[in-house]
Amino acid sequence: MGCCDRGSSLVSAGPADPSLHVNYAKGMVLGVDDFVQEFTYLSGRDQWAVRELAGYGVTSGLAVSVEDDAAGPRVRVTAGAAAAPSGQLICVKADQCGALNAWLANPENAALVPDHIVPASLPGAGVLPLYLTLCYADCQTALAPIPGEPCRSEEDLMAPSRVADDYRLTLGVTPPPQTEHDAVADFAQWLGALTTAGPVLPPADEEAAWLAALRAAAAPWLEIDNESPPTSPPDDYMFGSPPLSLEVAPERYPAFLRLALRLWVTELRPLWMARRCGGLADALDDCVLLARLDTPVILVGSDGGTWQVDGLAADIVIDQRDRPVLASLALAQALQTLPPPSLPAAPPGATIALADLNVDTTLDETHVCVLCTGALALTLPKTAPANRGRLHVIKSLGDNLKLVADPADTFDGAGDTLGVDPGKAVTLVSDGSAGWRVLSALA
């Protein structure tokens, strides 16, 4: 049943409803409430179109830098525009600057530092992560005389005649929620890790297997009942990597992608949207993260001291990796016309390190391609930033193999052991932090 199935009733006073617009009729007497309602409807549909069809993020400009000033380092944000999670468009017409030491000198801000600082070896010093966010705001302006009763005060003779779009640039110690942005990135990354290999199943069976794998990756969210958003949401969106059992032949990948996008639209995106049609969200959820500033600070002076930036602008690390970016449709179309990148041609006679193993071995950088004879146990080195991208191609020549990772590592987040069946091969790459990623497993 929709709202139009309900019985007719008189319009009652109350907040304007973005799903209603005025039904103009000859002879109708229009009041302020009618004009407010019409504006609410039109503005609400504009925001709805942006958030439903485009998303949110920075659309142009808003570059962040830190520069030295007489009062200490200050943050500069260039002019630009963004779309908030609500779909509200935000315009910053001119470059903006803010002094970090002035922010730290505010007693309310200074009180937050001890709970968020990353301590250094020197007492009263450390690194303070500060989050620079952009939010939509508006303000009433353009005072105009208004008619009314006699004997009014001067303040009652004038009232704002316009509402101007505005914005708020703020520094804080906690980042704004970016649930949908993070979920989009995680969903795309999960799909990008899929390997298109393996036998082709009957269409009915393969679609069931695809849906099962996709839903399993988002299971902690799908299992949450009657909570939107959940009081204790999981800390990830698509868990793990596509399992080796998820078999998609290259010619069937378009069908798989269509099914994945359908699941995203019908089941997954509604779990993670900041706002739905006509729904409202907390104002704190309607901001865009521009950057994280890792700021070295130190406590100086007596009587409790004052927090100040410890160093110059060059000592502050600007991290913009989590900034939501919303590319224009024209750019997306242009990127689709680019040919795929070509791999550089190998020089004539080029080879890779090939090792023949017949005993249990701990692999090192010389074991790029490994041919194994016998039922062996191969130990992988511990993943670390220094060996990010290390590749091992391991082939069994006829016996079961057992691959063992460091206890702190996993294979695709699913345990620290991996079996290789007789006659099969597996390609592994180190992610440099949490373990080994399975790029392919072929017969």
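Trainee: What share of the contacts with a separation of 6 or more is made by residues 24 or more positions apart?
Mentor: The model is a predicted one. The protein has nine helices and 22 strands. Among its contacts with a separation of 6 or more, the share from residues 24 or more positions apart is 62%.

Trainee: What percentage of the residues is buried?
Mentor: A residue is buried when its relative accessible area is under 20%. The accessible surface of the whole protein is about 26300 Å², and carbon and sulfur atoms hold 58% of that surface. Of the 443 residues, the buried ones amount to 33%.

Trainee: Is Leu128 buried or exposed?
Mentor: Leu128 belongs to strand β8, residues 125–145. Beyond its neighbours within four places in sequence, Leu128 has contacts that include Trp103, Leu104, Val173 and Leu293. Its relative accessible area is 0%, so Leu128 is buried.

Trainee: How far apart in space are the C-alpha atoms of Leu128 and Val118?
Mentor: In sequence, Leu128 and Val118 are separated by 10 residues. Their C-alpha to C-alpha distance in space is 6.3 Å.

Trainee: How many ångströms lie between the end C-alpha atoms of helix α6?
Mentor: Helix α6 covers residues 203–217, which is 15 residues. At 1.5 Å a residue, the helix should therefore span 21 Å. The distance between its end C-alpha atoms agrees, at 21 Å.

Trainee: Why are the buried residues of α6 on the same side of the helix, and what arc do they cover?
Mentor: An α-helix has 3.6 residues a turn, so residues three or four places apart point the same way. The buried residues of α6 are Glu206, Trp210, Leu211, Ala213, Leu214 and Ala217. They are placed on the same side of α6 because the arc they cover around the axis is only 160°.

Trainee: Which exposed residues sit on the face of α6 turned away from its buried side?
Mentor: The buried residues of α6 pack against α5 (179–192), α7 (219–222) and α8 (253–272). The face turned away from that buried side carries the exposed residues Ala204 and Ala216.

Trainee: Which residues make the nonpolar surface patch of about 400 Å²?
Mentor: One member, Met28, is located in the segment before α1 (32–53). Met28 has a relative accessible area of 37%, so this residue is partly exposed. The patch of about 400 Å² is made by Tyr24, Met28, Leu30 and Phe35.

Notes: Residues are numbered from 1 along each chain as its sequence is written. This is a predicted model: local features need pLDDT of at least 70, side-chain atom pairs count only at pLDDT 80 or more; totals for chains, interfaces and linings use all residues. Side-chain values use heavy atoms; hydrogens and water are left out. Patches are made of residues with over 30% relative accessible area and no salt bridge: like charges are joined within 9 Å, nonpolar side chains (Val, Leu, Ile, Met, Phe, Trp, Tyr) within 5 Å. Accessible areas come from the Shrake-Rupley method with a 1.4 Å probe; for residues, only the protein chains shown count as cover. A salt bridge is a side-chain nitrogen of Lys or Arg within 4 Å of a carboxyl oxygen of Asp or Glu. Helices (H or I, at least four residues) and strands (E, at least two) are DSSP runs, numbered from the N terminus. Buried means under 20% relative accessible area, exposed over 50%, partly exposed in between (1.4 Å probe, protein chains only). The expected span of a helix is 1.5 Å times one less than its number of residues. The arc is that of the directions from the helix axis to the C-beta atoms. Contact means heavy atoms within 4.5 Å.
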